[in-house]
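Got your viewer open? Let's take a walk through a protein chain, one selection at a time.

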Amino acid sequence: MFLENDDVVLPEDDSPEDMKLESRALTNLLYPDQLYILPLNRRPFFPGMAAPVLIEPGAYYEVLKTVSKTDHKCLALFLTKEEDANIYKIEADDLYKVGVVARILRIIPMEQGGAQVILNMEKRVILDSVIKNKYLLAKVHYQEDKQVLQLSREVKAYSISIITTIKELLKLNPLFKEELQIFLGHSDFTQPGRLADFGVALTTATRGELQDVLETFDVEKRIDKALVLLKKELDLSKLQSTINQRIEATISKSQREFFLREQLKAIKKELGLEKDDKSVDIEKFEERLKVRQVPDDVMKVIREEMEKLSVLEVQSAEYGVCRNYLDWLTIVPWGMNSKETHDLRRAEKILEEDHYGLKDIKERILEFISVGKLTGGVKGSIICLVGPPGVGKTSIGKSIARALNRTFYRFSVGGMRDEAEIKGHRRTYIGAMPGKMIQALKSTQMMNPVIMLDEVDKMGASYHGDPASALLEVLDPEQNKDFLDHYLDVRCDLSNVLFIVTANILDTIPDPLKDRMEILRLSGYIQAEKLAIAKKYLLPRNRKAMGLKQTDISFTDGAINAIINGYAREAGVRTLENNIKKILRKVAFKLVKSPKKGKIVVSEETLSSYLGKPIFTSDRYYDENPIGVATGLAWTQLGGATLYIEVVKYPSEKTEFKLTGQAGDVMKESAQIAWTFVQSNIGKFGHGSPFFEKSQIHIHIPEGATPKDGPSAGITMATALLSLLLNVPIRKNLGMTGELTLTGRVLPIGGLKEKLIAARRSKLEVLIFPKENQRDYDELPVYLKKGLEVHFVDTYDKVYNIAFKRPRA
């Protein structure tokens, strides 16, 4: 309800009661007692302020249009109690009771809808009750500041302090400079309440602190709270100013140093004391070329690139590309070669120092050196060292480099899928660089290093290319003299490089790549060799690495043998070394924790206290094979192993067999061949026994989780079947290996040395090998063959006679 002008009756006298009635009537004329509410989320407004407010399209925009059509054009602004409250679902209880009444000065419509409205905050307003909830129309009454005719000394002092604080704030934070100057120029100390409101509005106080000041009607209390908030704001501004000055001082110092350095550079350049970056680069490239014998075609490219570099700006992107290209062209050691040593005695001494055993490998290396002495250098050969992990393939490569007095560079190609790793990236790509071959020459700074390519059997292929095919050019003596790297794009002679390739198996190496290599096999070590390696190399090296002395610890031979048999049965010595390290660490801990005098002796009896219970107990499942069980010999990536074939029968209407133990396709065919061979020769070997009538045969290969494949278990399967058929056990301590044909021929197998080592480890005394493998057996060291009864056979008849012969008493 709004009062019209005719409803106001002014009294004729000026009594105090009449003056109150007059003031109330004038207020009702200017401000209605019902106002639409506009909720605020962030912070309240104070009387005496003018501020823009953005009204989005919706309910409050409709309220704005409704209010703009009234005569008074007033709204009530109240702060929400929760900062993240939804103003479109607000209730009266969600608002503080004290706000401000604001008059619309101007409405500026916006293109995307809604409007920006300029509001003038005029006085405090108190919320009484909500009349209509649709647009929050509320009944309100107004709070007037008391008119003070004479300011007290305390209020005047407060007012002066506020003005002084605001002036200081102005110096530190000029954000509200114009507003402050206008207010201070027109301020009157007779209105301390208005001064307090204005001062508080300038602070960054919390919404709760600002609402508290808004709800303080007593002027003296309000001005006190305002001064406290202004002092806090002043302290904050001073801290901010200090931080800004510190940062600006740092930046100014850096800028000053930069300008001084640039001036110093310019002065030195004028005096000829310093050259620019381009001159320094060109001079560096020229210095490199002086000590290199660069081929003519490469020198032509270098000169062309240096001419291009001389006309490019240092800041241009092309300059960086050209400079990097020249850097690689001039860093390659053109014409620089290590002086080879062909002293056979020295080479033999180095090989003996670094490795135990491996007689055939050492002889082959010495042959290389001998040829190099006669021809003037070892080149044109690619050595491929094949063997299980931990047998010393990588260390042999280092020994060869030391024996030849060449630099050594090793990198692994295992998992490599991009041919650019070998032949380099083209210079059109960002971040392009040469391949590993050129990087090796840069690293060694010689054109004839020993380069080792580790794990060549584990290369992959992808859409980026096939690195194995890229190696064909690198490892071909007829092609690598003109090796072309994609980045350098000039011919590079790799024919003087001695390439050594390592692999665990040959099956995954492509045949064209395999043909370019001279393959040297490194078999596993037997127990006696492992014992000697541990005593001569592993113990002294690791004892020194752990900070222990020879007087601190020693191992008995029995302890080392127990480690080999119970904890480290692999072909190499890596696990053996790891177990020795484990023991040495425990001994070091004991010595540090409680130093004691005297040497610690690791014996077979005390070994379990360092390593726990043995992992392996025996390779053999049976001391004496029962009926239907035969012992075979197998080759794996980790060396040789014994392989048991178990055969049992059970009643069935149909005579057939099944095979279990995760056998591969080739081994399944071997089982089928053995079954057919025994069935077709039942009259010869069966002695009248029927061929498993009304029985089903189950052939099993133990350790079913391990994949197995290959043809060499043929004679073993046939022997196990005959043992079950004849109901006779096979000869004690007998192991065999050989491929069987349908006609009873025994064909040769691979990995003879590894299988022989596995037989010795399992304490097999009688071995059967194919006759065509006798040449491989004759080349083996005597100590490997000592104490074994070995038979070489070409037909299964001989296998049968040996397997079912009773051992001599």
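Here is a tour that starts with the whole chain and then visits some single spots.

**Stop 1: the whole chain**

Before you click on anything, keep in mind that this is a predicted model. Color the chain by secondary structure, and you are looking at 28 helices and 24 strands. The chain has 809 residues, and 46% of them count as buried. Now think about who touches whom: among contacts between residues at least 6 apart in sequence, 75% join residues at least 24 apart. Switch on the surface too. Its accessible area comes to about 43300 Å², and carbon and sulfur atoms account for 52% of that.

**Stop 2: a nonpolar core**

Next, select F45, L77 and M121. These are the residues with the most contacts inside the largest nonpolar core, which has 63 residues. In soluble globular proteins, nonpolar side chains tend to be buried together. Which residues does F45 touch, if you skip those up to four places away in sequence? They are L40, A51, V53, L77, V100, M121 and L214, so show these as sticks around F45.

**Stop 3: a strand residue**

Move to strand β5, residues 115-132, and pick out I126. Is I126 buried or exposed? It is buried, because its relative accessible area is 13% and the cut-off for buried is under 20%. Now add V98 to your selection. I126 and V98 are 28 residues apart in sequence, yet their C-alpha atoms are 4.7 Å apart in space. Leaving out neighbours within four places in sequence, the contacts of I126 include F78, K97, V140 and F217. K139, H141 and Q143 are also in contact with I126.

**Stop 4: a patch on the surface**

Time to go outside. Select L236, L239, I243, I247 and I251, which make a nonpolar surface patch of about 440 Å². L239 belongs to helix α7, which covers residues 219-271. Look at the numbering as you go: an α-helix has 3.6 residues a turn, so residues three or four places apart point the same way.

**Stop 5: two loop residues with positive phi**

Most residues other than glycine have a negative phi. With that in mind, select N405, in the loop between α13 (393-404) and β8 (408-412). Its phi is positive, near 60 degrees. N405 has 40% relative accessibility, so this residue counts as partly exposed.

Then jump to Q445, in the loop between α15 (436-444) and β9 (450-454). Phi is positive for Q445 as well, near 55 degrees. Q445 is partly exposed, with a relative accessible area of 23%.

**Stop 6: two covered helices**

Select helix α24, residues 714-726. How many of its 13 residues are buried? The count is 13 of 13. Try a quick ruler check in your viewer: at 1.5 Å a residue, α24 should span 18 Å, and its end C-alpha atoms are 18 Å apart, so the two agree. Just after α24, click on N727, which takes a positive phi of about 60 degrees.

For the last selection, take helix α25, residues 752-761. Eight of its ten residues are buried, so α25 is largely enclosed by the rest of the structure. The buried residues are L752, K753, E754, K755, L756, I757, A758 and A759. After α25 comes K763, with a positive phi near 60 degrees.

Methods
Residues numbered from 1 in each chain as written. Predicted model: local features only at pLDDT ≥ 70, side-chain atom pairs only at ≥ 80, totals over all residues. Heavy atoms only, no water. Helix = DSSP H or I, 4+ residues; strand = E, 2+ residues; numbered from the N terminus. Buried < 20%, exposed > 50% of the residue type's maximum accessible area, 1.4 Å probe, protein only. Contact = heavy atoms within 4.5 Å. Areas by Shrake-Rupley, 256 points an atom, 1.4 Å probe, with all protein chains shown as cover. Patch = residues over 30% accessible without salt bridge, like charges linked within 9 Å, V, L, I, M, F, W, Y side chains within 5 Å. Salt bridge = Lys/Arg side-chain N within 4 Å of Asp/Glu carboxyl O. Core = buried A, V, L, I, M, F, W, Y, C linked by side-chain atoms within 4.5 Å. Expected span 1.5 Å × (residues − 1).
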